Amino acid sequence: MSIIAWILIGLFAGLIAKALTPGKDPGGCLITIVIGIVGGLLGGWLGKVIFGVDSIDGFFSVSTWIAAVAGSVIVLLLYRVVTGGRSR
């Protein structure tokens, strides 16, 4: 069940990450959703590996959201580097 929760959180975390990182993104809504999901899963995994915490403390836990948004920002920045900032 925790992976489903991270996917749901990732949807919102992608939007938050896109709002927090300045600059133009080469992707649209679908890319933002995918980045958020991957970033949410990455943030949950990193939190578990680095800090030894459960993959999800709770949907409304601040640490859960921080991990998801941080993971989403990382994935968004990597996506920008790989795509070179090209637009459609």
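Colleague: Let's start with Trp-65: is it buried or exposed, or something in between?

Modeller: Trp-65 counts as partly exposed, because its relative accessibility is 21%, where buried means under 20% relative accessible area, exposed over 50%, and partly exposed in between, with a 1.4 Å probe and protein chains only as cover. Bear in mind that this is a predicted model, in which local features need pLDDT of at least 70 and side-chain atom pairs count only at pLDDT 80 or more, while totals for chains, interfaces and linings use all residues. Residues are numbered from 1 along each chain as its sequence is written, and side-chain values use heavy atoms, with hydrogens and water left out.

Colleague: How many aromatic pairs turn up in the whole structure?

Modeller: The search finds one aromatic pair (ring centres of Phe, Tyr or Trp, the last by its six-membered ring, within 6.5 Å; planes under 30 degrees apart are stacked, over 60 edge-to-face, the rest tilted). The rings are those of Phe-12 and Trp-65, whose centres are 6.3 Å apart and whose planes meet at 50°, so the pair is tilted. It links distant parts of the chain, since Phe-12 sits in helix α1 and Trp-65 in helix α3, 53 residues apart.

Colleague: And how accessible is Phe-12?

Modeller: Phe-12 has 46% relative accessibility and therefore counts as partly exposed. Leu-15, also placed in helix α1, has 52% and so counts as exposed.

Colleague: Stepping back, what is the secondary structure?

Modeller: The chain has three helices and zero strands (DSSP runs numbered from the N terminus, H or I of at least four residues for helices, E of at least two for strands), and from the N terminus the elements run α-α-α. Of its 88 residues, 35% count as buried.

Colleague: Where is the largest nonpolar core?

Modeller: That core (buried Ala, Val, Leu, Ile, Met, Phe, Trp, Tyr and Cys residues joined through side-chain atoms within 4.5 Å) has six residues, namely Ile-9, Ala-13, Ala-17, Ala-68, Val-69 and Val-73. Helices α1 (2–20) and α3 (62–83) each supply at least two of its residues.

Colleague: What does Val-69 touch?

Modeller: Leaving aside neighbours within four places in sequence, Val-69 is in contact (heavy atoms within 4.5 Å) with Ala-13, Ile-16, Ala-17 and Leu-20. Across the chain, 83% of the contacts with a separation of 6 or more are between residues 24 or more positions apart.

Colleague: Which residues does Ser-72 touch?

Modeller: Ser-72, which lies in helix α3, is buried because its relative accessible area is 0%. Beyond residues up to four places away in sequence, Ser-72 touches Ala-13, Gly-14, Ala-17, Ile-35, Gly-36, Gly-39 and Gly-40.

Colleague: Now helix α2: where does Gly-44 stand?

Modeller: Gly-44 is placed in helix α2, residues 29–51, and is buried, with a relative accessible area of 5%. Its C-alpha atom and that of Trp-65 are separated by 9.5 Å, although the two residues are 21 apart along the chain.

Colleague: And Leu-42, buried or exposed?

Modeller: Leu-42, also in helix α2, is partly exposed, at a relative accessible area of 23%. Apart from neighbours within four places in sequence, Leu-42 is in contact with Gly-71, Ile-74 and Val-75, and its C-alpha atom lies 9.6 Å from that of Gly-10, 32 residues away along the chain.
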